[in-house]
Amino acid sequence: MSTQFHQKSLALIAEQLSKKGTDISQLISQISAFQIAAPSWALGAGGTRFGRFSIGGEPRNLEEKLEDIGLLAKLTKRTDAVSLHIPWDIPQDAEAVNQKAASLGIGFDAMNSNTFQDYGQALSYKMGSLSNADSSVRAQAVEHNLQVIDIGKSLGSKGLTVWLADGSNFPGQAHFRKALQWTMESLKEIYAGMPSDWKLLLEYKPYEPNFYHTVIPDWGTSALICRQLGDRAKVLVDLGHHLPNTNIEQIVATLMHQNLLAGFHFNDSKYGDDDLSTGSIKPYQLFLIFCELIGGSSDGAQAWDSISWMIDASHNVKDPIEDLIQALEAISQAYAKALLVDREKLTQCQNEGDVVGAQEVLQEAFLTDVRALVREARIQSGGEADPLAFYRKEKIREKLINKRGKNAQASGL
Ligand code: PSV
Ligand code: MN
Ligand code: MN
């Protein structure tokens with residue numbers, strides 16, 4: 001893609017939008033300002049329970065994970081933070097890790113605890129963690145989360161994300177109410193251990209790894225737990241954690257209505273928690289979610305700045321860095337398109353019962369080719385016009401393989 005082509009397409013969209021009274025400079029600065037954190041666990045091959053196929057040159061330790069995110073930040077200018085998972089990413093020397101991250105221009109997003117695996121701890125999480133019938137296992141899981149908070153404090157993080165695998169596989173295995181009660185009590189202890197400027201992001205998921213019942217299966221259960229905890233506990237929406245055809249944009253609107261939306265884990269799915277690249281399956285859904293986000297923040301339901309943004313994907317066959325570049329692009333595009341929605345006209349259509357008109361308003365924005373705007377935002381921020389092409393032209397994966405080895409394996413999901 002030549003500079004000339006970019007300039008031409010930018011001029012075209014500038015002209016189209018100016019006819020509608022929109023100045024692109026404001027749009028470009030909004031797109032530039034929107035930063036999405038990247039997860040430390042998405043930099044290697046995730047694999048499935050059937051196998052894992054190495055990508056080659058995967059980051060072997062925390063420092064190398066930071067380097068990969070730093071590269072992503074440099075090329076795209078769309079990510080300025082990494083989300084760490086403990087114990088996978090325990091820093092040996094927090095000061096050195098802070099310095100390294102700062103030198104790469106990245107900070108630390110919410111910390112993630114891990115009580116879904118046995119990772120050398122004294123008691124097993126086989127029968128659950130925060131909901132375990134055995135109080136000593138619950139205490140151990142609480143303690144782990146408190147340690148994660150401590151590590152996060154040393155890195156300047158301001159949040160703790162809790163995703164629980166807790167649940168049961170067979171009817172009768174667990175006592176639903178007790179499991180929920182124990183989870184609430186455990187989370188209360190964790191919440192009490194958080195600094196006052198931290199937030200707790202509570203994820204939900206309908207199934208997997210447990211296939212009969214999950215203690216926090218949906219946004220409603222997460223929301224009612226958060227209500228019990230306090231104002232700084234909010235619901236985290238992972239796009240893959242819904243049963244097929246769930247109206248996620250409505251969930252987002254409802255949570256914003258209650259000032260209960262903690263943030264997002266962006267990905268995409270066809271069937272369940274597929275962790276596919278954001279925007280690769282349902283780009284229209286992503287756009288509609290952004291419409292609700294922009295609507296909810298502009299009319300004061302919940303402040304835009306109070307929401308956290310992150311990608312949560314796993315890669316079985318793609319180069320993870322290439323995939324993250326694609327995801328950041330898809331998110332920026334959905335956001336840019338949602339910014340184009342004529343909200344006044346939409347409100348008018350809604351009030352007048354003009355169903356066709358309302359759909360036209362949304363389609364008009366969704367079908368606008370915003371790629372030149374997103375590219376321009378990246379160029380103006382000092383990123384690459386085409387990060388993916390640059391990554392390939394510079395043979396970055398080959399260089400990583402040469403440096404780290406063909407079989408280097410990242411820890412993570
Ligand atoms: C498992 O479903 C999961 O993908 C959750 O979404 C968490 O956010 C992530 O793993 C990391 O623990
Ligand atoms: Mn997630
Ligand atoms: Mn997930």
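Which β-α-β unit do E9, helix H8 and E10 make, a right-handed or a left-handed one? In this predicted model, E9, helix H8 (residues 248-257) and E10 make a right-handed unit.

**View 1. Here is the whole sheet, strand by strand.** Six strands line up as an open sheet, and the order to follow is E4-E5-E7-E9-E10-E11. The pairing is parallel. Strand E4 (111-112) and E11 sit at the edges with a single partner strand each, so one side of each has no neighbour in the sheet. In general, strands of a sheet pair through backbone hydrogen bonds, either parallel or antiparallel.

**View 2. Now we zoom in on E9 and its partners.** E9 is mostly covered, with 6 of its 6 residues buried. E7 pairs with E9 in the parallel sense, over 4 bridges. If you look for Leu 201, you'll find that its bridge partner in E9 is Lys 234. E9 is also joined to E10 by 4 bridges, and these two strands run parallel. Here Val 237 stands opposite Phe 264 in E10.

**View 3. A helix lies against the sheet.** This one is helix H7 (residues 219-229), which packs on the sheet and touches both strand E7 (199-203) and strand E9 (233-238). Compare the directions of H7 and E9, and you get an angle of about 160°.

**View 4. Next comes the pairing of E10 with E11.** Strand E10 (residues 261-266) and strand E11 (residues 308-311) share 4 bridges and pair in the parallel sense. To get from E10 to E11, the chain passes through helix H9 (residues 283-298), and this β-α-β crossover is right-handed. Two bridge partners help you find your way: Phe 264 goes with Trp 309 in E11, while His 265 goes with Met 310 in E11.

**View 5. Let's pick out a glycine in H9.** Gly 295 is found in helix H9. It counts as partly exposed because it has 19 C-beta neighbours inside 10 Å, and a buried residue would need 20 or more. Val 341 is 46 residues away from Gly 295 along the chain, yet their C-alpha atoms are separated by 9.7 Å.

**View 6. Finally, meet the surroundings of ligand 1.** There are 9 residues around ligand 1, and the ones that come nearest are Asn 112, Trp 163, Asp 238, Asp 273 and Asp 312. Sorted by character, the shell around ligand 1 holds 5 charged, 2 polar and 2 nonpolar residues.

Technical notes: Residues numbered from 1 in each chain as written. Chains lettered and ligands numbered in written order. Predicted model: local features only at pLDDT ≥ 70, side-chain atom pairs only at ≥ 80, totals over all residues. Pairing = 2+ DSSP bridges. Right-handed = clockwise from strand over helix to strand, strands pointing away. Contact = placed C-beta atoms within 7 Å. Axes fitted to C-alpha atoms, helices over the stretch in contact; angles between N-to-C directions. Near = placed C-beta within 6 Å. Nonpolar A, V, L, I, M, F, W, Y, C, P; charged D, E, K, R; others polar. Buried ≥ 20, exposed ≤ 12 C-beta atoms within 10 Å, placed from the backbone.
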